[in-house]
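The exercises below concern strand pairing, the nonpolar core and unusual backbone geometry. Please work through each task with the structure open before reading its solution.

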Amino acid sequence: MAHMEESAANRTAGMNRRDFVAAAAVAAAGIGILAVARASAQATQPAAAGIDVGAKTDYSKDGPVMTWAVAPNHLIVVRESGKIYATTSKCTHKQCDVADDGTQFTCPCHHSAFGYDGAVVNGPAKKPLPRYAISTNGDGHVIVDTSKQFATADTWTDPASFVALS
Ligand code: FES
């Protein structure tokens, strides 16, 4: 009788070990799947910096280009006064994307307005649209670096905040 109880105890212990090994294998496989899914998601997300917004020669007339004004980039490229610069499209009030009304940027959420230079024309927004670092690469393409901002008008003369047309 004692032998039978011991044998049953061993079987139970053996099953527990098998269950543990099986559970560990499932957990390891799950972690592997999560790692692959995470790597895949990272590969499909835009880079935080270095957005190619086309050839410098494509910017042939003054005004905003709204191509990248929505997710995931939220930026507007503007040609004005011999310069190309990039601002965020996110209103500085509560982050709605602004729109181009033909003369300025307007926010659909609470009606703030900004000049094409990013300066506040009407509130409730109080801060201008920050500009991003911008440059040209060896192929003559304009590259916007969203990791670096020029938040106030006094920083917009920084040569890293615009590309000169000439
Ligand atoms: S979010 Fe733009 S005015 Fe409020």
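This is a predicted model, in which local features need pLDDT of at least 70 and side-chain atom pairs count only at pLDDT 80 or more, while totals for chains, interfaces and linings use all residues. Residues are numbered from 1 along each chain as its sequence is written.

**Exercise 1. Trace the pairing around strand 4 (residues 83–88) and state how enclosed that strand is.**

Solution. Two conventions are needed before the tracing begins. Helices (H or I, at least four residues) and strands (E, at least two) are DSSP runs, numbered from the N terminus. Two strands pair if DSSP finds at least two bridges between them.

Step 1. Strand 3 (residues 75–80) pairs with strand 4 in the antiparallel sense over six bridges, and within this pairing Ile76 stands opposite Thr87.

Step 2. Strand 4 is also joined to strand 9 (residues 131–136) by two bridges, again antiparallel, and here the bridge partner of Thr87 is Arg131.

Step 3. Two further bridges run between strand 4 and strand 11 (residues 163–164), which are antiparallel, with Lys83 bridged to Ala164.

Step 4. Five of the six residues of strand 4 are buried (20 or more other C-beta atoms within 10 Å of the residue's own, against 12 or fewer for exposed and values in between for partly exposed, with C-beta atoms placed from the backbone). The strand is therefore largely enclosed by the rest of the structure.

**Exercise 2. Which residues have the most contacts inside the largest nonpolar core, and which strand supplies the largest share of this core?**

Solution. Step 1. A nonpolar core is a set of buried Ala, Val, Leu, Ile, Met, Phe, Trp, Tyr and Cys residues joined through C-beta atoms within 7 Å. The largest one has 26 residues, and those with the most contacts inside it are Leu75, Val77, Ile84, Ala86, Ile134 and Val144.

Step 2. Strand 1 (51–55), strand 3, strand 4, strand 9 and strand 10 each supply at least two residues of this core, and the largest share, four residues, comes from strand 3.

Step 3. Leaving aside residues up to four places away in sequence, Ala86 touches Leu75, Ile76, Val77, Arg131, Tyr132, Ile134 and Val144, where contact requires C-beta atoms, placed from the backbone, to lie within 7 Å.

**Exercise 3. Describe the hairpin of strand 9 and strand 10 (residues 141–150), and then that of strand 3 and strand 4.**

Solution. Step 1. Strand 9 and strand 10 run antiparallel and are joined by six bridges, one of which can be located through Ser135, whose bridge partner in strand 10 is Ile143. Four residues lie between these strands, and Gly140 in the turn has a positive phi of about 80 degrees.

Step 2. The hairpin of strand 3 and strand 4 has two residues between its strands. Ser81 has a positive phi of about 50 degrees although it is not a glycine, and with 11 C-beta neighbours inside 10 Å, this residue counts as exposed.

**Exercise 4. Where do the cis peptide bonds at Pro72 and Pro124 lie, and what are their omega values?**

Solution. Step 1. The cis bond between Ala71 and Pro72 has an omega of about 5 degrees, and Pro72 is in the loop between strand 2 (63–65) and strand 3.

Step 2. For the cis bond joining Gly123 and Pro124, omega is about 20 degrees, and Pro124 lies in the loop between strand 8 and strand 9.

Terms used. Contact = placed C-beta atoms within 7 Å.
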